[in-house]
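Colleague: I'm new to reading protein models. Could we walk through this one together?

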Amino acid sequence: MLLVLAAWASAACLFSSDPALAQANGCTMARVAGTARQIMRCADGVTIIAEAGARFNAVDRNRNGRPDAVSLRNKAVLVDVDRARHPDGFEVVTPQAIAAVRGTRWAVDVKNGTTSVLVVRGRVAVGRPSAGAAARVVLNEGEGVDVAPGSAPLTVRRWPPARSAALLARLGQ
């Protein structure tokens with residue numbers, strides 16, 4: 001799995017949170033008016049809203065000119081994917097977790113060594129980069145999971161409305 005992450009990192013230069021690079025590869029990057037948030041819209045139905053200061057790169061693993069993953073290092077992003085236009089899926093990769101689309105809209109937050117994933121709409125599979133498919137969990141709408149370093153089992157929870165609202169507010173939702 002580390003080899004896969006290294007390949008993603010090498011492909012990350014094709015897309016990034018840099019507006020010039022994003023625009024050159026079928027995506028446009030813009031600031032959300034009146035905020036420090038950024039929004040990246042891609043022609044293939046991917047929209048990523050990043051909170052102020054988020055460090056992320058869109059990754060084109062198969063080098064077809066379209067992003068199929070995001071590498072997120074800190075803070076939060078909200079990802080909306082047109083599943084019909086991404087039949088092979090879309091992932092958000094963090095140091096602690098991989099969140100793979102099974103639906104369409106989810107938020108991922110990286111802070112203090114923990115990755116938190118919340119599903120807004122659809123379904124998302126979440127696992128550690130080093131774990132096999134058996135160690136993954138599938139989240140449904142309104143559910144979340146916190147992935148900390150280590151090997152503790154992942155626990156799916158319905159997030160309290162206040163926690164969901166706080167994360168989504170950081171993303172302008």
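Colleague: How many helices and strands are there in the protein?

Modeller: Keep in mind that this is a predicted model. Looking along the chain, you'll find both kinds of element, and the count is 3 helices and 13 strands.

Colleague: Is Ala-97 buried or exposed?

Modeller: Ala-97 is found in the loop between strand S6 (91-93) and strand S7 (98-101). Its contacts further off in sequence include Val-92, Val-126 and Pro-129. A residue counts as buried under 20% relative accessible area. Ala-97 has 1%, so it is buried.

Colleague: Which residue forms a salt bridge with Asp-80?

Modeller: Asp-80 lies in strand S5, and its partner is 25 residues apart from it, in strand S8 (residues 105-111). The closest N and O atoms of the pair are 2.8 Å apart. The partner counts as buried, because its relative accessibility is 15%. That partner is Arg-105.

Colleague: Asp-109 and Arg-170 also meet in a salt bridge. Which of the two is buried, and which is partly exposed?

Modeller: Their N to O distance is 2.9 Å. The pair links strand S8 to helix H3 (residues 161-170), 61 residues apart. With a relative accessible area of 6%, Asp-109 is buried. At 27%, the partly exposed one is Arg-170.

Colleague: Which residues do salt bridges with shared partners join into one network?

Modeller: Start from the pair we just met, Asp-109 and Arg-170, whose side chains form a salt bridge. Add one more residue through shared partners, and the network is Glu-51, Asp-109 and Arg-170.

Conventions: Residues numbered from 1 in each chain as written. Predicted model: local features only at pLDDT ≥ 70, side-chain atom pairs only at ≥ 80, totals over all residues. Heavy atoms only, no water. Helix = DSSP H or I, 4+ residues; strand = E, 2+ residues; numbered from the N terminus. Buried < 20%, exposed > 50% of the residue type's maximum accessible area, 1.4 Å probe, protein only. Contact = heavy atoms within 4.5 Å. Salt bridge = Lys/Arg side-chain N within 4 Å of Asp/Glu carboxyl O. Lists of a residue's contacts leave out its neighbours within four places in sequence.
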